[in-house]
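Subject: Structure handover

Hello,

Here is the structure for you to look at. My notes on it follow below.

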Amino acid sequence: MSKKTEFGPPLNPRGRRLEAKELESITHVRAKVPAKYAWAAGTAMSRFLEELKNGKIIGRRCARCDRVLVPPRMFCERCFQPTTEWVYLPGTGVVETFSISYIDTNANRIKEPILVGVIAFDGAPPHCGIMHYFGEVKPEELKIGMPVEPVWKPKEERVGSVLDIKYFRPRRK
Amino acid sequence: MRDVAVLGVGATAFTSQTPEVNWKELIYDAAVKAYAEAGIDPRRDVDSFVTCAEDYWEGFSIFDEFTPDQLGGALRPTMTVCGDGLQGLATAYMQIKTGMFNIVVVEAHSKISELLTYEHIVELAFDPIYERPLSAEREVHPYYVAGLEMNLYLHATGTTEEQCALVAVHNRRQALNNPLAPYGARLGLQEIFHSGYAFTPLKKWEIASRADGCIVFVLAAGEIARRLTKKPLVYVEGIGWSSESPWISARSADASYARHAAQMAYRQAGITNPRRQIDVIEVEDRFAFKELQHLEALGFARPGEAGWLAQSGALGLDGELKVNLSGGSLGCGDLIEASGLQRALEIVLQLRGEAGARQVPNARVGVAQSWRGLPHGTGAVAVFARRD
């Protein structure tokens, strides 16, 4: 890419030309960041993860504003009140928003786009859902408001993670 | 200019581990208590929320964005101070002083048990070009800096190792009277010495163990607070902070950061003779010698005198200077950025007469001092008082 440049002889005849690598060792100091954490999931989220293992999606209801929070939280951030009740959801819902993503983490363009979005659950008000992938659907078929359902990993492969759901697919009649 | 009062405080107990709650639930628990005490609804009454946090302690970036929910601050003015709780308190104090805000909440917490590589994160706070390679090369625990500082302090003041060890004995014992403190113990000098050198001349049990916990303060403009409650109020009379140059090799022996912070706070509060005017004292003691160094920096003793005060029994509930009756960091645990608010909490409880078995009779003026901890030199000082 760069044009080859001719340098003359070194100005200091006793010296020698420095290689780029040698130069870098005194112009930059490199280090890795050894940061490791183990976050407590907490009262509500631990039960959420446990129920994912069982193939169930669970929320918490705020008695004051009647929202069902998914993933569940022990307090409602709008009312600043403790949530009061566990709510098992059928897992079905609608696409609230989505994006067809053509760029990977390393900023490379990818051929098969990744379909990501937010699912609003049946049995919970809008804007109380979760983010996830979509599958078994062509990108051009994805629509806001489209009914979807979860596709679970086989029981023996579930570990108590949001990835226990493989993706959401268009709901079959 | 309007004055600033403490309308409510709330805290969780301090413990070495908190696996049963996540950090949001921990903060929520302390916030609920503070708001109940203040008699306010955060969704309606609070004008601004200040959180004290640092991304590396928390483990994710832009932690500022995660602060609203657990404080009741969603869709309200929130901000994060990357510093100790007393620095957050200073921010809230100034916000009220401007007249733009009437009621401001300050939150500081530690969930440090969730950081698995604490030593490495402390090491990351060293200058990356010169200082860090020296720690990394031989994998020396970064707390060796405390050994350097202590050695310099002992040399400069003539303070003895025994006098420093006494601080650990006192504070662990005083923590037995504080229901929030996890590290209360009856230890003797012999046991402190027996714990062995960690970084000479510093001994292992002169180092505070870390702890999780959360403290929330509700501050209000004086005229608002007086309208909201009939109870006697504790006022913030002065607050100051300062930072030394971060060069470890340029560090002073006398905790200059604390001296400058104290001068700033004392000037505002009209304190000219701290030893006579201040009834209760909470100073930072993550390493036992720091308590003595900080007492001198805050003007409670001349250089080299604090150790003798410790030895003569002058520090403590029965002594002349009521120091670290909460147990300090040695007794309550190193609460990271929440350490300063823990000190402020103790002063508020003492001035209200709510400090239980460790109550100082008729305490009217108190001082809380924080130090952000190794490897740096940032300190803050707040003076509180009752006026009734």
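Start with B:Gln342, which lies in helix H16 (residues 339-352) of chain B. Helices (H or I, at least four residues) and strands (E, at least two) are DSSP runs, numbered from the N terminus.

Two points on reading this. It is a predicted model, where local features need pLDDT of at least 70, side-chain atom pairs count only at pLDDT 80 or more, and totals for chains, interfaces and linings use all residues. Residues are numbered from 1 along each chain as its sequence is written, chains are lettered from A and ligands numbered from 1 in the order written, and side-chain values use heavy atoms, with hydrogens and water left out.

Back to B:Gln342. Its relative accessibility is 2%, so B:Gln342 counts as buried (under 20% relative accessible area, 1.4 Å probe, protein chains only). Leaving out residues up to four places away in sequence, B:Gln342 touches B:Phe14, B:Ile215, B:Glu282, B:Ser326, B:Gly328, B:Cys332 and B:Leu335. Contact means heavy atoms within 4.5 Å.

Helix H13 (residues 288-297) of chain B is mostly covered, with ten of its ten residues buried. Among them are the charged-name residues B:Lys290, B:Glu291 and B:Glu296. B:Gly299 follows H13(B), and its phi is positive, near 85°.

Next, the cavities. A search of the whole structure finds five of 30 Å³ or more. A cavity is a set of points on a 1 Å grid over the protein atoms alone, where a 1.4 Å probe fits but cannot get out; lining residues have an atom within 4 Å of a point. Volume is the space filled by probe spheres set on the points, which are joined across faces, edges and corners.

- The largest has a volume of about 80 Å³. Its lining includes B:Trp57, B:Tyr118, B:Arg286 and B:Ile336.
- The second largest has about 50 Å³. B:Trp57, B:His109 and B:Ile336 are among its lining residues. Helix H3 (55-58) and strand E4 (103-110) of chain B are the elements that give two or more residues to this lining.

Last, the interface. 34 residues of chain B are in contact with 22 residues of chain A. The area buried between the two chains is about 2100 Å², with 64% from carbon and sulfur atoms. Buried area is the accessible area (1.4 Å probe) that two parts lose on being put together, summed over both. B:Glu25, B:Tyr28 and B:Glu114 supply 27% of what chain B buries against chain A, more than any other three residues.

Best wishes

How values were computed
On a 1 Å grid over the protein atoms alone, a cavity is a set of points where a 1.4 Å probe fits but cannot get out, and a pocket is an open set with protein on both sides within 12 Å along at least five of seven lines; lining residues have an atom within 4 Å of a point. Buried means under 20% relative accessible area, exposed over 50%, partly exposed in between (1.4 Å probe, protein chains only).
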